[in-house]
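Biologist: Could you take me on a close look at the second largest pocket, and then show me what surrounds it in the rest of the fold? I'd love one connected walk through it.

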Amino acid sequence: MNERVTTPQKYYANMPYVSTRGVVASSGISGQALYAGQKRDVLWDARRTYANGFTTADSIRFKVPEDGVYHVTFNASVFGNTVRGIGENLNAYLYVDGATGPGVSGAIGHTTFQHQMASNFTTIQVSVTEYFTKGSFVRAQVYLDSGATGIWWIAAADFDANLNAVLLAPSTNGWSQAAVPPPTLAAWSDGSYVSVDAMNSQTFDAFAHLENRPRFLARDTSFSVAAGQEKVALPWNTVYANDPGFALQRLADGYADRTAIKVPYSGLYLVTFFGAVQHTSGVDTASYGFQFKIHGDSGDAKILAQNSTTRINMDCSITVNDLVYLKAGESLSVRFYGWGSDTRWTNGTGDGRIFNLGATYLGG
């Protein structure tokens, strides 16, 4: 009984994770130095690193302890004392190496932000939910614009930068392992007959569900729209799901195909999104605002994220990492809106994965 019930309960109550906050400062400055045109592996302070299962030999690369679906977040506040009128690009990367089989590899998340004010800070961030294999390594990277001048660094305080990874589901086969629907749990009563089916439904089925939570991941999109254009929902080129209840469909009349993903269960979902856009004309150095809204079935957005860009034909990103309650049969969609009467907006073209929408079911 302990092996079948108590042992799994103890495991799921203490899943593998790593949480590290604060970078190692470079000599003579108040943070970790960045150099123009270089991609820097972020070096974390070992004294402020907390890990359960994860290990690291260099405080840069963190070794994944077992196969499974992990949620990873990276945030960093970057300081620059000199900025051109068009701003300077700052890129955030999550990178994985050493993967085997179906595990993710390479740049698994990439966002671009524009630093627009001298002697000030810009926060860059990216988050993903992906399948990792045991023995692979995850790290965070920052790239500084090749045209940047002056002194740049990642701020060193605990609240300025962090990298976190937590195992959500110890799946063994990635997308090829079908999710188990959430079980219906009932209280035991005195004198009730405990059949094999009843015992399985209250123990085995629950653990099987936790082993591979229902989830989907949509990647890659393309669009080109005029500023101020309404009804711009992102069409997704590729969608992965481990439960057939996630259905890719048209949002509604007037929208493109493949613009909404129906969810199969009522409950709380961990939603991640990042995407990059460009404005293709207008005035260089002028600031052009844009937004992405994540909708359920309601006309009101569940999540709103906004940014602005000062550079023509250069990527600029938004990233979202949030918890949202959805009803069974409700559809998730991402809608774009950009300002500026003298410009058009298109999808970004940066390297790595720059558009990603995912949702993982956490329970009802």
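Modeller: Happy to! The second largest pocket is lined by Asn89, Asn91, His110, Thr112, Tyr143, Asp145, Ser146, Arg311, Met314, Asp315 and Gly350. A pocket here is found on a 1 Å grid over the protein atoms alone, as an open set of points where a 1.4 Å probe fits, with protein on both sides within 12 Å along at least five of seven lines; lining residues have an atom within 4 Å of a point. This is a predicted model, in which local features need pLDDT of at least 70 and side-chain atom pairs count only at pLDDT 80 or more, while totals for chains, interfaces and linings use all residues. Residues are numbered from 1 along each chain as its sequence is written, and side-chain values use heavy atoms, with hydrogens and water left out.

The volume of this second pocket is about 150 Å³, where a volume is the space filled by probe spheres set on the grid points, joined across faces, edges and corners. Its lining has two nonpolar, six polar and three charged residues. For these classes, Ala, Val, Leu, Ile, Met, Phe, Trp, Tyr, Cys and Pro count as nonpolar, Asp, Glu, Lys and Arg as charged, and the others, Gly among them, as polar. Strand 7 (88-97) and strand 8 (106-115) each give at least two residues to this lining; strands are DSSP runs of E with at least two residues, helices are runs of H or I with at least four, and both are numbered from the N terminus.

Just ahead in the chain, Gly87 sits in the loop between strand 6 and strand 7. With a relative accessible area of 2%, Gly87 is buried, where buried means under 20%, exposed over 50% and partly exposed in between, using a 1.4 Å probe and protein chains only. Beyond its neighbours within four places in sequence, Gly87 is in contact (heavy atoms within 4.5 Å) with His115, Thr310 and Arg311. Thr310 is 223 residues away from Gly87 in sequence, yet their C-alpha atoms are 6.6 Å apart. Arg311, another of these contacts, is also one of the pocket's lining residues.

Strands 7 and 8 also lead us into the largest nonpolar core, since each of them gives two or more residues to it. A nonpolar core is a set of buried Ala, Val, Leu, Ile, Met, Phe, Trp, Tyr and Cys residues joined through side-chain atoms within 4.5 Å. This one has 39 residues, and those with the most contacts inside it are Trp44, Val72, Phe74, Phe132 and Ile154. Among the other elements giving it two or more residues are strand 9, strand 10 (137-144), strand 11 (152-155) and strand 12, while strand 6 brings the largest share, five residues. Ile154 reaches widely in sequence: leaving aside neighbours within four places, its contacts include Val23, Leu34, Val42, Ala76, Val78, Val142 and Ala161. Apart from this core lies another, of 36 residues, including Ala218, Phe246, Leu357 and Ala359.

Strand 6 (residues 68-80) runs antiparallel to strand 12 and is joined to it by eight bridges; two strands pair if DSSP finds at least two bridges between them. In that pairing, Tyr70 stands opposite Leu167. Eight of the nine residues of strand 12 (residues 161-169) are buried, so strand 12 is largely enclosed by the rest of the structure.

After strand 8 comes a backbone detail worth a look. Ser119 lies in the loop between strand 8 and strand 9 (120-132), and its phi is near 55°, a positive value in a residue other than glycine. Most residues other than glycine have a negative phi. Ser119 is partly exposed, at a relative accessible area of 47%. Ser59, in the loop between strand 4 (49-52) and strand 5 (62-63), has a positive phi too, near 60°, but Ser59 counts as buried at 13% relative accessibility.

For comparison with our pocket, the largest pocket holds about 250 Å³ of space. Twelve residues line that largest pocket, with Arg4, Pro8, Thr203, Phe204 and Phe207 lying nearest its centre. Its lining divides into eight nonpolar, two polar and two charged residues, and helix 1 (2-12), helix 2 (196-202) and helix 3 (204-211) each supply at least two of them.
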